[in-house]
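This report walks through one protein structure, taking a helix, a sheet, some single residues and the nonpolar cores in turn. Please keep the sequence and the structure in view while reading.

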Amino acid sequence: MNPVVHATIDLLKTYRAEQGDDIGSLFAEDGARFDNFSAKCGDLLLDYSKTAIDQRAKSLLLDVAREAGVEARREDMFAGASINVTEGRAVHHMALRMPSGSEVMIDGQNVMKDVTAVRDAMAAFANGVRCGSVKGGGGVLTDIVNIGIGGSDLGPAMATLALAPYHDGPRVHFVSNIDGADILETLARVDAGTTLFVIASKTFTTQETMTNARTARNWVVEKLGEGAVADHFVALSTALDKTAEFGIRDDRAFGFWDWVGGRYSVWSAIGLSLMLAIGPENFDDFLAGAHAVDEHFCTMPLEENVPVLMALVGIYHRNVCGYDAKAVLPYDNHLARFPAYLQQLDMESNGKGVTFDGEQVDWQTGPIVWGEPGTNGQHAFYQLIHQGTSVIPADFLVAAEANNAIGDHHEKLIANAFAQTEALMRGKSVEHAAEELRKAGKSEAEIERLAPHKAFPGNRPTCTFLYPKLTPHMLGMLIALYEHKVFVQGTIWRINSFDQWGVELGKELAGELLPRILGEGGETRNASTEGLLAAFKSMRNG
């Protein structure tokens, strides 16, 4: 952080210490608190009134955003500047969801011609598969197997599950883990003659992806012969020499660009499996939802800008309150993979300890992000959120209307979501717990013994995202809101949210260790690794 931002954060810490952070009292003091601490982006409502942020704290947080240069860096990003400073690249995944005919300049070139060409080629291919004119060796393609990892898996897998009610195309399966169980159990569920494999790797060299891809290829060749490869594989890659060597025709290789980071790539050719499932029109609506958020992010003042407000709430919790973690709790079963998707988006982007200038940070950066759908989580980890020693801010995601309505299921789901946010804020005093026990006819001795266990500290902050229904458009909005939130926080922390050097060392060491695992020799490692290698060989050899 720059010195002025640092000073403002310190001022916020002092203000919090003086004022306290009793959320309930803020509602008592401000009858319009919900109106003053909620904001809308299209049909989506963000309620952040159940946090300890008051008007003074909000004003100071907005100062932090301005002092950190959020607005200027936002303009640089949308102008195609190379804000990915360590790799010297532009960051413009937003171009992938721009309407055809738009102009997006990167390095002096309007990239929208290429973006539109790939998008149109994807749509033509998807329509061919969906209507049956593009076939496999066994006829109409009934199953898609997406093979990728990281952003080439998490994005399309999450979105495909989220939009399950909109599926009217082939069944889609996802393989990412190099553990053989992942690919073998998937192959056992499909028929070679009616299955299309989508291999997602920009360089066509990713170890996990290519290992699984070669296994799939061998399986197809065994079942259908070498000549079937061209009809059963497509590539999401720009390495045409490698895809051709694999046996994939050039017209079935869909590319994307180095200004599209992996965890921001679901909008690109990486979204082909999603498009095959829901169709090009729904995919376009998905893109349009994200574009609507881009427009909101670029044009709304900071005070009403939902991604900015999301980011500032997070800055308050991380840097003022010192909270280490953040829970994402979708009360929408179709968003079961959304917390995992946000883990990568947030933790790979902002899990950094070095500034733009290569200096070590002396402030906290990205939090630990985790979560599961409600109401399942209520019967698992909510105990810790309610009564544990760590305060864990939480985002609740709630649809007003269910995609799958039956009886009063959805009404009960909503009641649970709203009740949890209220319970986390209100808590329950020992006195209140004692009175409840007294009304239940417990003895005074039992009351004294049990009341402390039934008390809740409360004052646990939450934000609620309420939207009409989980449609392709709304899913696009949700993803883009969190993308821009991550960008704003990275800008305030002065870290590059668009590289991921931290994942490289493990890959390098795995490459060095593989010969030892295979028994081919190699350099001696540390005592622990040597011990593990010896134990592995002993167990393997029985």
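## Helix H14 and its surroundings

Helix H14 has 15 residues, and from its first C-alpha to its last it reaches 20 Å, close to the 21 Å expected at 1.5 Å a residue. The model described here is predicted. Because 14 of the 15 residues of H14 are buried, the helix is largely enclosed by the rest of the structure. Just after H14 comes glycine 322, which takes a positive phi of about 80 degrees.

## The sheet

What is the order of the strands in the open sheet of six strands? The order is S1-S2-S15-S14-S12-S13, and the pairing is mixed. At the edges are strand S1 (38–41) and strand S13 (368–370), each of which pairs on one side only. From one strand to the next, the twist averages 15 degrees.

As general background, the strands of a sheet pair through backbone hydrogen bonds, and they may do so in a parallel or an antiparallel way. In this model, S1 and strand S2 (residues 44–47) pair in the antiparallel sense over four bridges, and lysine 40 stands opposite leucine 45 in S2.

Helix H14 (residues 306–320) packs on the sheet, where it touches S1, S2 and strand S15 (462–467), and its direction makes about 140 degrees with that of S1. Helix H17 (residues 409–426) also packs on the sheet, touching strand S12 (325–331), strand S14 (394–399) and S15, and the direction of H17 makes about 155 degrees with that of S14.

## Four residues and their exposure

The table sets out the relative accessible area of two cysteines, a lysine and a histidine.

| Residue | Relative accessible area | Class |
|---|---|---|
| Cysteine 41 | 3% | buried |
| Cysteine 298 | 32% | partly exposed |
| Lysine 326 | 16% | buried |
| Histidine 291 | 15% | buried |

Why do cysteine 41 and cysteine 298 not form a bond? The sulfur of cysteine 41 has its closest cysteine sulfur in cysteine 298, at 11 Å, which is too far for a bond, whereas a disulfide requires the two sulfur atoms to be within 2.5 Å. A search of the whole structure accordingly finds zero disulfides.

Lysine 326 has its place in strand S12. When its neighbours within four places in sequence are left aside, lysine 326 is in contact with several residues, including Ile368, Val369, Trp370, Asp395 and Lys485. Histidine 291, by contrast, is found in helix H13 (residues 280–299), and, not counting residues up to four places away in sequence, histidine 291 touches Arg97, Met98 and Pro99.

## The nonpolar cores

In soluble globular proteins, nonpolar side chains tend to be buried together. The largest nonpolar core of this model has 124 residues, and those with the most contacts inside that core are Trp259, Phe338 and Leu475. Helix H20 (residues 472–493) gives the most to this core, with 13 residues.

Which residues does leucine 475 touch, not counting those up to four places away in sequence? Leucine 475 touches Met158, Ala159, Ala162, Leu163, Phe286, Leu335 and Leu470. Apart from the largest core lies another core, of 23 residues, among them Val145, Val175, Val220 and Phe233.

How values were computed: Residues are numbered from 1 along each chain as its sequence is written. This is a predicted model: local features need pLDDT of at least 70, side-chain atom pairs count only at pLDDT 80 or more; totals for chains, interfaces and linings use all residues. Side-chain values use heavy atoms; hydrogens and water are left out. Buried means under 20% relative accessible area, exposed over 50%, partly exposed in between (1.4 Å probe, protein chains only). Two strands pair if DSSP finds at least two bridges between them. Helices (H or I, at least four residues) and strands (E, at least two) are DSSP runs, numbered from the N terminus. Axes are lines fitted to C-alpha atoms, for helices over the stretch in contact, and angles run from 0 to 180 degrees between N-to-C directions. Contact means heavy atoms within 4.5 Å. The expected span of a helix is 1.5 Å times one less than its number of residues. A nonpolar core is a set of buried Ala, Val, Leu, Ile, Met, Phe, Trp, Tyr and Cys residues joined through side-chain atoms within 4.5 Å.
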